[in-house]
Amino acid sequence: MQFMLMVNEDESAYAGSEGAALLEATLAAHMKLAEDLVAAGVPFSGERLKPAATATTLRFDRGAVSLHDGPFAETHEELGGFHIIDVPGLDEALEWARRIPVPRGGIEVRPVWPMEG
């Protein structure tokens, strides 16, 4: 069963004098997680996303489409990246999600709903 592990984090955690070192340590921990997934034989994919300020959001309302700079949400956390893993069930997905490094934020774990042919 596939699960998407969405990394929602507060990008401001990487600001300031200690931000660069924290980002480097966080990225190293993500690389270690990838190594562990490979070693455990868990099929996965994932990507890091550029900062939320680089986003463009399309909003749909009864046929009308509007464009907005950045994420269209009032929150202190942004989608920073994601992993898609293939594991037997939610318990295993949660175990892997607990290992994702997030200095400030959370991980949303959601089952993938496959498109029907």
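This passage describes helix α2, the nonpolar core and the largest pocket of a predicted model.

Helix α2 spans residues 90-98. Its buried residues are A93, W96 and A97. These three lie on the same side of α2, because they cover an arc of only 100° around the axis. The other side of the helix carries D91 and R98, which are exposed. What do the buried residues of α2 pack against? Their partners are two elements from early in the numbering, β1 (2-9) and α1 (19-39), together with β5 (78-86) and β6 (105-111).

The buried residues of α2 also belong to the largest nonpolar core, which has twelve residues. A93, W96 and A97 are joined there by F3, L5, V7, L33, L37, V42, I85, V87 and I100. Two or more residues of this core come from each of β1, α1 and α2. One member, V42, illustrates the contacts within it. Leaving aside residues up to four places away in sequence, V42 touches L37, I85, V87 and W96, and also D86.

The largest pocket has a volume of about 580 Å³. It is lined by 24 residues, and the closest to its centre are E9, L27, R48, L49 and G80. Four elements, β1, α1, β2 (44-48) and β5, each give two or more residues to the lining. Which element gives the largest share? That element is α1, with six residues. By class, twelve residues of the lining are nonpolar, seven are polar and five are charged.

Helix α1 thus recurs across these sites. It packs against the buried residues of α2, gives two or more residues to the core and supplies the largest share of the pocket lining.

Notes: Residues numbered from 1 in each chain as written. Predicted model: local features only at pLDDT ≥ 70, side-chain atom pairs only at ≥ 80, totals over all residues. Heavy atoms only, no water. Buried < 20%, exposed > 50% of the residue type's maximum accessible area, 1.4 Å probe, protein only. Arc of directions from axis to C-beta. Contact = heavy atoms within 4.5 Å. 1 Å grid on protein atoms, 1.4 Å probe; cavity = no way out; pocket = protein on both sides within 12 Å on 5 of 7 lines; lining within 4 Å. Points joined across faces, edges and corners; volume = space filled by probe spheres on them. Nonpolar A, V, L, I, M, F, W, Y, C, P; charged D, E, K, R; others polar. Core = buried A, V, L, I, M, F, W, Y, C linked by side-chain atoms within 4.5 Å.
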